[in-house]
Amino acid sequence: MPFDQEAAAQKQPLTHLEILAAEFTNGTKRHPATLSFTSIANGRRTYLETMPVSGKREARAIAVARGAQPWNF
């Protein structure tokens, strides 16, 4: 099958896919539980913000309010 340059030129390039993810980390005696917001684009993570939370319930509520996808909880 020969390569059709005209058909290839008409196709749109792939759009930039970016996910706003919320990652939960359990607390310990010394450190509180945390919720980190990360941007995932093209397989690379960029950490945006980290905040202390009381538990998974609060972390899920904050993630949904900010439009982030709960990633590991």
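Select F24 and F73 to start: F24 is buried, and F73 is buried as well. Buried here means under 20% relative accessible area, exposed means over 50%, and partly exposed lies in between, with a 1.4 Å probe and protein chains only. This is a predicted model, in which local features need pLDDT of at least 70 and side-chain atom pairs count only at pLDDT 80 or more, while totals for chains, interfaces and linings use all residues. Residues are numbered from 1 along each chain as its sequence is written, and side-chain values use heavy atoms, with hydrogens and water left out.

**The ring pair**

Keep both residues selected and show their rings. Rings of Phe, Tyr and Trp (its six-membered ring) pair if their centres lie within 6.5 Å; planes under 30 degrees apart count as stacked, over 60 as edge-to-face and the rest as tilted. The count by this rule is 1 aromatic pair. F24 and F73 form that tilted pair, at 5.7 Å centre to centre with 50° between the planes. The pair links distant parts of the chain, with F24 in strand β1 and F73 in the segment after β4 (69-70), 49 residues apart.

**The whole chain**

Zoom out and colour by secondary structure. Helices (H or I, at least four residues) and strands (E, at least two) are DSSP runs, numbered from the N terminus. The chain has 2 helices and 4 strands, and from the N terminus on the elements run α-β-β-β-α-β. Of the 73 residues in the chain, 29% are buried.

Now colour by pLDDT, the predictor's confidence in each residue, from 0 to 100. The chain averages 85, and 78% of the residues score at least 70. Among the elements, helix α1 (residues 5-10) has the lowest mean pLDDT, 52, and α2 has the highest, 97.

**The sheet**

Select the four strands. They form an open sheet in the order β3-β2-β1-β4, with mixed pairing. β3 and β4 stand at the edges with a single partner strand each, so one side of each has no neighbour in the sheet. Two strands pair if DSSP finds at least two bridges between them.

Next, select β2 (residues 33-41), where 9 of the 9 residues are buried. In a regular strand the side chains alternate between the two faces of the sheet. On one side of β2 are A33, L35, F37, S39 and A41, on the other T34, S36, T38 and I40, and all are buried.

Add strand β1 (residues 18-25), which runs antiparallel to β2 and is joined to it by 8 bridges. F24, from the opening stop, stands opposite L35 in β2. Then add strand β3 (residues 44-53), which pairs with β2 in the antiparallel sense over 9 bridges. S36 has T50 in β3 as its bridge partner. β2 and β3 form a hairpin with 2 residues between them, and N42 in the turn has a positive phi of about 55°.

Stop at T38, which lies in strand β2. T38 is buried, with a relative accessible area of 0%. Contact means heavy atoms within 4.5 Å. Not counting residues up to four places away in sequence, T38 touches I19, L20, A21, E23, R45, T46, Y47 and L48.

**Helix α2 and the core**

Select α2 (56-66). Which of its residues are buried? They are A59, I62 and A63. Seen down the axis of α2, these buried residues fall within an arc of 100°, so they line one face of the helix; the arc is that of the directions from the helix axis to the C-beta atoms. On the other side of α2, R57, V64 and A65 are exposed. The cover over the buried residues of α2 includes β1, β2, β3 and β4.

Now select A22, F24, A33, L35, F37, M51, V53, A59, I62, A63, A68 and F73, the 12 residues of the largest nonpolar core. β1, β2, β3 and α2 each supply at least two residues of this core. A nonpolar core is a set of buried Ala, Val, Leu, Ile, Met, Phe, Trp, Tyr and Cys residues joined through side-chain atoms within 4.5 Å.

For the last stop, go just past α2, where G67 takes a positive phi of about 80°. Then select A68: leaving aside its neighbours within four places in sequence, A68 is in contact with L20, A21, A22, F37 and A63.
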